[in-house]
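Open your viewer and get ready to click through some residues. Could you show me what to select next, and what is there?

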Amino acid sequence: MAATPQKPAAAQKPATATPRRKASRHRGEGQWAAGHFTPLNGNEQFKKDDDGLNVRTRIETIYSKRGFDSIDPNDLRGRMRWWGLYTQRKPGIDGGKTAVLEPEELDDEYFMLRVRIDGGALTTQQLRVVGEISQEFARGTADITDRQNVQYHWIRIEDVPEIWNRLEAVGLSTVTACGDTPRVMIGSPVAGIAEDEIIDGTPALEEMKRRVLGNKAYSNLPRKFKTAISGSPVLDVVHEINDVAFVGVRHPEHGPGFDLWVGGGLSTNPKLGVRLGAWVPLADVPDVYEGVLSIFRDYGYRRLRNRARLKFLVADWGAEKFRQVLEDEYLKRRLTDGPAPAEPVSRWRDHIGVHRQKDGRFYVGFAPRVGRVDGTTLTKIADVAEAHGSGRVRTTVEQKMIVLDVEESQVESLVESLEALDLSARPSPFRRGTMACTGIEFCKLAIVETKARGASLIDELERRMPEFAEPITINLNGCPNACARIQVADIGLKGQLVLNDEGEQVEGYQVHLGGALGLEAGFGRKVRGLKVTADELPDYVERVLKRFEAEREDGERFASWVTRASEEALQ
């Protein structure tokens with residue numbers, strides 16, 4: 001249905017320009033559907049020169065045998081991402097040099113390797129292998145991301161083929177975990193088991209994976225493409241900030257299905273996804289998904305990298321035109337109009353705690369600290385789950401984990417065993433609601449540290465405010481790119497260098513307040529001049545939360561209070 005578009009004959013070879021005509025007049029936004037196939041930047045050129053999927057052969061046959069120095073630069077900082085590999089930050093480079101140094105000066109000779117975990121679904125056998133790889137090849141690192149993946153660090157190129165062999169032997173992969181590709185497909189971590197589920201999206205997710213993963217029809221997109229699907233009434237996949245999302249709804253005539261959203265994304269130009277007003281039955285989700293993905297491939301902007309996400313096309317076209325193109329050019333049929341999602345049934349969307357499954361057993365969600373675990377802990381989680389009768393675990397989009405299929409008689413023992421690993425199924429609001437990106441420890445884009453600072457912030461707030469019980473989200477990001485979703489957190493912290501009281505440049509954060517997802521979705525408020533140093537962070541968060549407690553109306557959420565609070569109250 002959505003094969004790679006055939007280039008019109010006239011587009012196979014660009015017409016020769018007349019001497020007085022500038023070539024830039026005809027390049028537009030680099031949209032393939034407009035016949036613009038000539039690469040307009042270095043990224044588009046290296047993708048045209050060789051498909052990113054092809055780099056695996058070179059990794060296996062050349063680079064892993066000859067070492068880091070043998071890697072072609074376009075593979076190193078480009079195509080290797082198609083297999084989940086990024087060079088990590090060289091140790092000892094401070095945040096002030098992040099935007100100053102050349103890539104080769106920032107590159108360490110080690111890699112981050114991202115394991116895609118679609119829908120967050122893992123068997124305990126798979127989790128054990130993930131943990132063992134961490135211990136053997138990644139110096140114990142294994143962070144849970146806010147897109148349900150696991151990320152290793154300290155990976156040597158020499159070890160990558162063996163890591164792939166071990167992952168693929170248990171059904172896992174790193175294919176298109178990065179790059180200008182369909183990234184991991186996030187899904188409800190309790191799909192198919194939750195007692196209150198509207199519809200199970202698992203069959204659609206599996207078919208979507210089958211159609212696109214490793215498929216060269218979709219391996220050269222303008223930029224990354226993020227996907228979400230969930231039939232949970234708690235709206236648990238942050239659907240508003242994905243390129244395409246399928247949200248469980250009940251149609252008054254046709255029953256359970258999915259509401260279609262497109263064009264969400266954050267980074268430095270955040271946009272919330274928009275509803276197309278279309279109801280999609282489960283069986284049609286893969287076709288609609290391929291249609292949206294193909295629109296992005298064919299009509300997406302390829303001239304400027306900072307405008308190459310689907311959200312910019314959706315903003316320019318509008319929902320009505322996008323739906324029309326999807327129906328007329330790709331699906332060849334009309335979609336059924338449908339309802340919007342109902343109000344979320346919970347202010348928390350992470351499934352933490354003990355919950356009954358539809359089969360009478362229970363699932364137990366628990367919270368690591370800001371997604372930071374290690375290989376030893378992951379293998380122990382697999383052991384604990386199996387010891388309590390479970391063979392399945394899940395990761396969540398809040399950097400949390402869940403053990404499924406627990407008999408009622410085993411629940412309390414499981415909770416105690418997790419607590420012994422410092423993995424709480426009954427966490428404080430601060431531990432439950434705080435997330436952090438990778439930060440300057442490993443990320444070449446980062447300006448400040450995040451993981452350790454997030455963990456210490458949790459400890460400080462638990463000590464200072466032990467009685468605080470309101471849902472609160474605190475998201476720390478090491479740079480402006482919003483991997484940790486700072487714009488949609490109650491308290492979003494964007495890393496930057498700031499001046500302390502002595503006039504010294506130190507690590508700190510620009511503060512965003514009152515962001516939210518759900519039916520009241522919106523971006524956080526930036527208070528004029530509000531920046532805090534890293535050392536001042538616990539004092540600031542404590543101060544603003546105590547003002548919230550003092551001024552809030554009955555049942556008022558933090559985000560709602562922020563919209564009416566004075567700037568003085570937010571300082």
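Start by selecting Lys332, which counts as exposed because its relative accessibility is 64% (buried means under 20% relative accessible area, exposed over 50%, partly exposed in between, with a 1.4 Å probe and protein chains only). You'll find Lys332 in the loop between α11 and β11 (336-337); helices here are DSSP runs of H or I with at least four residues, strands are runs of E with at least two, and both are numbered from the N terminus. Its phi is near 60 degrees, a positive value in a residue other than glycine. Most residues other than glycine have a negative phi.

A quick word on what you're looking at: this is a predicted model, where local features need pLDDT of at least 70, side-chain atom pairs count only at pLDDT 80 or more, and totals for chains, interfaces and linings use all residues. Residues are numbered from 1 along each chain as its sequence is written, and side-chain values use heavy atoms, with hydrogens and water left out.

Now jump to Arg139, in the loop between α6 (124-137) and β4 (141-144). Arg139 is not a glycine, yet its phi is positive, about 55 degrees. With 54% relative accessibility, Arg139 counts as exposed.

**Helices that cross**

Go back towards Lys332 and select α10 (residues 310-317) together with α11 (residues 319-331). Two packed helices are described by the angle between their axes and the distance between the axes. The axes of α10 and α11 come within 6 Å and cross at roughly 110 degrees (axes are lines fitted to C-alpha atoms, for helices over the stretch in contact, and angles run from 0 to 180 degrees between N-to-C directions). So α10 and α11 are roughly perpendicular to each other; under 35 degrees counts as roughly parallel, over 145 as roughly antiparallel, 65 to 115 as roughly perpendicular and the rest as oblique. Show the side chains of Leu310, Val314 and Trp317 in α10, and of Ala319, Lys321, Phe322 and Val325 in α11: they make the contact, meaning heavy atoms within 4.5 Å. That contact has 6 nonpolar residues, no polar ones and 1 charged (Ala, Val, Leu, Ile, Met, Phe, Trp, Tyr, Cys and Pro count as nonpolar, Asp, Glu, Lys and Arg as charged, and the others, Gly among them, as polar).

Keep α11 on screen and add α9 (residues 285-299): these two pack at about 105 degrees, with their axes 10 Å apart. That makes α9 roughly perpendicular to α11. Residues in this contact include Val288, Val292 and Ile295 of α9 and Phe322, Leu326 and Tyr330 of α11. By class, the contact of α9 with α11 divides into 9 nonpolar, 2 polar and 3 charged residues.

For another pair, select α3 (residues 55-66) and α7 (residues 160-169), packed at an angle of about 135 degrees with axes 9 Å apart. This pair is therefore oblique. Look for Arg56, Ile59, Glu60 and Ser64 on α3, facing Val160, Pro161, Trp164 and Glu168 on α7 in the contact.

**Into the core**

Which residues touch the most other members of the largest nonpolar core? Select Ile59, Met80, Phe111, Tyr152 and Ile155, out of 55 residues in that core. A nonpolar core is a set of buried Ala, Val, Leu, Ile, Met, Phe, Trp, Tyr and Cys residues joined through side-chain atoms within 4.5 Å. Apart from it lies another core, of 40 residues, including Tyr218 and Phe296.

**A sheet to trace**

Next, colour the strands β3-β15-β16-β13-β12: in that order, these 5 form an open sheet with antiparallel pairing (two strands pair if DSSP finds at least two bridges between them). At the edges are β3 (121-123) and β12 (353-356), each pairing on one side only. From one strand to the next, the twist averages 25 degrees. Then add α13 (residues 411-420), which packs on the sheet and touches β12, β13 (362-366) and β16 (401-406).

**Two buried stops**

Is Ser232 buried or exposed? Ser232 counts as buried, at 4% relative accessibility. Find Ser232 in the loop between β7 (225-230) and β8 (244-251), where its contacts include Ser188 and His351.

Finish at Val544 in helix α16 (residues 537-551). Val544 is buried, with 0% relative accessibility. Draw a C-alpha to C-alpha distance to Ile491: the two are 53 residues apart in sequence and 9.7 Å apart in space. Beyond its neighbours up to four places away in sequence, Val544 touches Ile491, Trp561, Ala569 and Leu570.
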